[in-house]
Amino acid sequence: MVTIIKNQLLKHLSRYTKNLSPEQISLSALRGSGELQDLTLDEDLLTDLLELPGWVRLTSAKCNRASFRIQWTKLKTVPIVLNLDEVSIALEVCEEPRTVNASAASAMPIPGKYSYIHKVIDGISVAVNQVQIDFKCDAFTSSVQISRVTVESRTPDGRKGDLRLTRIKSPDTGQLLIFKELEWQSARIEAKALGAAAANLPPLRLLLGNTHCRIVIKKRLADCAVLGSRLVLRPEPLAWALTDGQLRAALACAAALAGPVQKATQMATRTKAAHKIEEPREQIQSRPNSGDKDLLARMFAKHDVRETSYHLLAPRIDLHLCDDPGLGRSEMPQLANGGALQVTLVSMQADLFPYHKASNDRRHWRGYREAATPHSQWLSQALSTFCTTLLETLDPRPLTPSAKTTQGERADEPVPNGVNHCAAAPAPTNAPSNANTTTLASQASPTRTKILQQLGKLMTTCLILRIDDFTVYKVSTGSKSREAPRPLVSAEKATLPGDAGLLHAELTFFYYPGDVCFPVPAPKLYVQLSPVRISVDVASILWLAAFLPHVGAAAVDNAPQDSTTTYMDIRTEAIMPKIVLEAGSEHISQQRDRPKELHICTARATLTNVRESPRANSAGSRADLASIISSLRRSAPPRGQFPCSSEDMDPIHEQFLLHADNLDDIERGADITPEMLWRENRAVWCARVEPLWADFCGARATNYKPSPLLDATPLTAWLCFEEGFSRIWVIGRTCGLSGVQLNHYQLLFLLRQMERISELTAWLAHQASRLPEDEQGAIVVGLVVPAVEITLVLPSNCPGQESSRDLDSVPLDSSSLNDFRLGSEATMAPSMLDRDSGVLATQASIEVCTAQPLGAEEIPPPSPGLNFGGFSSMRRGFTSLVTSIDSALTRDDCRSDAASTASSDSDRYVVVGLAAESPDDADFAFREFEHGHLSSGVEVAAEVVERSSSPSDHSVTSSCKRRDVISTCTWRLNNIHILQQSANNKSCLRIVADDLKTDECSSIPWDEFQIRLKNKFSMRARAWSEPTTDEDDILKPRDTPRVAARLLRTELPRLLNEKGEPYGLAPYVELLEARIRELSIALNMSTTLALSEFIEDEVLFPPMPLEVLIENVKLHLVEDRPTRSISSPPPQPLDLDLTTLRLTRDTSGVIHLGPPPVSSRTVSPSSPAPQLQEAMEELQRLNEENEELKKRLATLSRIAEDNRELRAKVEEASVLRQCAHAAQHEAASLLADKHDLIETVRLLQEQISNNCRGKR
């Protein structure tokens, strides 16, 4: 008996093994157990039977011991258990997809109807003690060691149970669901890159803990065919530490697999999709309407596998990125010894759907919210546009007016996650239709019908990534401080709905089943980011700026040189992101109005390389780009005049001009290829911020609530790149009236932040110079701001008059656009006076607080930044100038709570502040109300609530209303043109503006001022519109601006240490040049003195050289300060008329006043004669028109050349088409001759066979 069973086993197993003998098999038939030893499997046969991917081949498979146990009396409920001790597998990569062995199919039994034996086989449980997999490739070698692997049948809920509960059969559809679970205890993965380039790269290691994998298999009962499967992998929380060398090794390994995997996957996907595309139709047609009433049918529908999918569910992943010495490590002193960055991903889910039909919906995708994802609408519109464009390209047949209208209307109607209705299968006869649709259908040509049929077969491979929460922590160094890591990027969970994820990304590829060469839409990538908080940390940004390019260079070197992979439609959206600038150690808690943070926010930020429809009159279209280019040209200062220079780069790149005129399309030819319609250039990007605003937070005077800095302002920018990303051009424009509010302590906060940003840009420029690049990088930014109003909040000079103030004279600005904003509060001003007494409230509590000097090693280095360093230098020069003049004008008044004085104990910081008895003491200018009630007519959301320091004096729940009196000074600038460029170790910032106007309000309560801004000034800002221009104004050059400034910065060679090696940042020289002309300004004397105190800094800097030319500027100063004596005469206004004045300052701080020189390099002399001026203007206008005509002539020449090439290609295509037709006719005749010859041969063979039989 045992011998017979052994022989049967040997007969069946010998087809899958090598050199299997009876001595290797031991059996116990009655107990249902057996054991096999030293099995060597047939690798060629198993490669095809296991349906391994086409890019991998099995070269060896061995098992030292295998045992099984069968419970003969419980086969229906208890599975057969197969135990394997050690399994060794060797795999190798196939450079070309391997071919399937035809003899492998004959080794398997012919499948029949699903029967009892299939139930037993499907219920087998497998347990493996250890699996060793060796993977070989030309670029790397790797090994995977897995321990305690089990494969068991489970119930649909994932529990162990009776085998009959691990299957769900649907007799209505003739299908079966089988539930399995794969589990392993631990896995160890190692990889080592090979080759000369990877000689110094460390090995890659990854440890995985307990991992579960649930598998659902769908079979057809008629022939046991597998219709689909769903695989869900869920590992334990993972922690992985990676250096940049290991990341580069991982990229090298991935690049080596990319080519073979892509080729094999495309071939296998198209082959399998050809079989799967017909299966859903059969399933739906065979289901009766009464199936949902049955419990089994409902269970089957609940767990049904509509299409094959693969899922990864990771509860938590902690990545620790470390830098290695070299180019990947920043030279900043804080990071000189290296750093580490932690990235935490919580509840990450990756889904892959390889066989999804483009015209089907996604409602059956688990966890996918189709209605809540904007990507669905974007994808549907793109597919509808593709369908319409393809029909117009391949079948440009004229239609009747009614049919054309219907076609256009249907092209704009999106279909959920699918192509247009015209590309779907033919509609049923009972579907609604109209006369236009009937007309269109009646005119359908055979070509159009075939195109629609082919579009109906369009398939997609979709990869979805969803992350519920993630945190990127600030870089940590080897310092001894044990502070908990603080987040650099974190989620704003309070603003998220309960079931909303933080990140949603979709990558979609299109293809047709089978080997079909037909146009497909371009791949599409969509990324949506929910509210996140991004902190600006200098050390972390510099660490990333050194780490990422070093790793990215390896990715670029290993990337395949395939042009089709670079063409992709990309759209990214960030919902309510927030950029936070935090105060440093200079923050003084006694300064109640000094904020701790600055929040830069927006409701939605979008970045895309896909253009909006030409019919959409919105940002993101080519018409919007053309409008911005026109605005830049109109607002640019005349060439050859200050502040322009011959070294200035044009912010309007040629790529922008071609893209705006739709002249940069990619030539794809007339052949029908998958990339036939990938013609629009995707190298120009559009960024939209709708809208942008900024708030100060953390000031005690506002009860730590937000106060606005920048009111809501929409911003649109366009970007293009050269030489990768080393040369960047950016042009942008804001819309409407921009409003800014600022007080003294907020200004101090901004100055300190500008210093940090300047230091950051300096180190970024230094790190960019270390990269081994042949071409120097450059960045050019051009920005147009139609109008801006800057409201400076100052202490009031007229206490007690706020109730009778005519509030209609408050300067109008756009500050109350915070109606569009979420949670933005009004700005705060320092409380200087007691409103009841009219005298200084804190007159007797002023003391000098001098900060300690910084050590030599702590002094920040010079900051020749790329972008923002000029603002700091401009502020230093202006502050030093005003401080020098202010000493001769300042009176002995005490309206300010802060002043500046010299101190022999401090070299850098001179701080004078108010000394309160306790940081939590309430200000005398605040009034609290019992039980948290405020006076009638005041909005609670706009008030400031502050806790009392004495519970016995005030209620714990009491609130206060800010009643301090302030004054405001509003400065308005129109037609602002800003240009920033950095290249070749030089940077330049130039600003020009027109119509500088001022407006003042000498006394108004702070809260009343904010209410007026909210109710009145917001309507003024919304009603503001940009002045209209006609065609003549577009070509007309801009007049000489009234306000112009230019900041030049040039880097010098780096300093050398004792060894002759350069160290630190390169020093630099700066020069500020300005020109002010044709202005008339009226100010109160109190406002003038308050402005001098307003711009006074707390940090002393060396003076910066500057040169200012003033022409025809009139100042009207009104003396509004009270006189000291009753007998003094009334004050008289002071009028200053500056016809021509040149102000210069050298590096020593000496200011020189005098007339301009005859030949000035930076500024022109006084105005020439009227005739000469008119001639110069006429000459300038002619030069501008000449330049414009040259550009148009060049564009027309390119268009003519393109037209000639297109005509030649059309003629060539016509000749080729005729040749093709002739070849087809000739092939048809040859084919007919072939059939005749075959028929003749067949008849002759029959005659010969008949003659042979007759002879026999």
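Which residues are linked with Arg571 in a network of salt bridges? Hi everyone, that is my opening puzzle today, and the answer is Glu573, Arg604, Glu612, Arg688 and Glu690. Please keep in mind that we are looking at a predicted model.

Let me start with the general idea. Side chains carrying opposite charges can pair when their charged atoms come close. Across this model, the count comes to 52 salt bridges, and I'd like to walk you through a few of them.

My first example is the pair of lysine 219 and aspartate 122. Their side chains meet in a salt bridge, at 3.2 Å from N to O. Lysine 219 sits in strand β10, residues 211–220, while aspartate 122 belongs to helix α4, residues 116–122, so this pair ties together parts that lie 97 residues apart in sequence. And are these two buried or exposed? Both lysine 219 and aspartate 122 are buried.

Next up, arginine 154 and glutamate 152. Here the closest N and O atoms of the salt bridge are 3.1 Å apart. Arginine 154 has a relative accessibility of 10%, so we call that residue buried. Glutamate 152, on the other hand, is partly exposed, with a relative accessible area of 21%; the cut-off for buried is under 20%.

My last pair is arginine 188 with glutamate 190, a salt bridge whose closest N and O atoms are 2.7 Å apart. Arginine 188 is partly exposed at 35% relative accessible area, and glutamate 190 is partly exposed too, at 26%.

If you have the structure open, do go back to the network that links Arg571, Glu573, Arg604, Glu612, Arg688 and Glu690. Thanks for listening!

Technical notes:
Residues numbered from 1 in each chain as written. Predicted model: local features only at pLDDT ≥ 70, side-chain atom pairs only at ≥ 80, totals over all residues. Heavy atoms only, no water. Salt bridge = Lys/Arg side-chain N within 4 Å of Asp/Glu carboxyl O. Helix = DSSP H or I, 4+ residues; strand = E, 2+ residues; numbered from the N terminus. Buried < 20%, exposed > 50% of the residue type's maximum accessible area, 1.4 Å probe, protein only.
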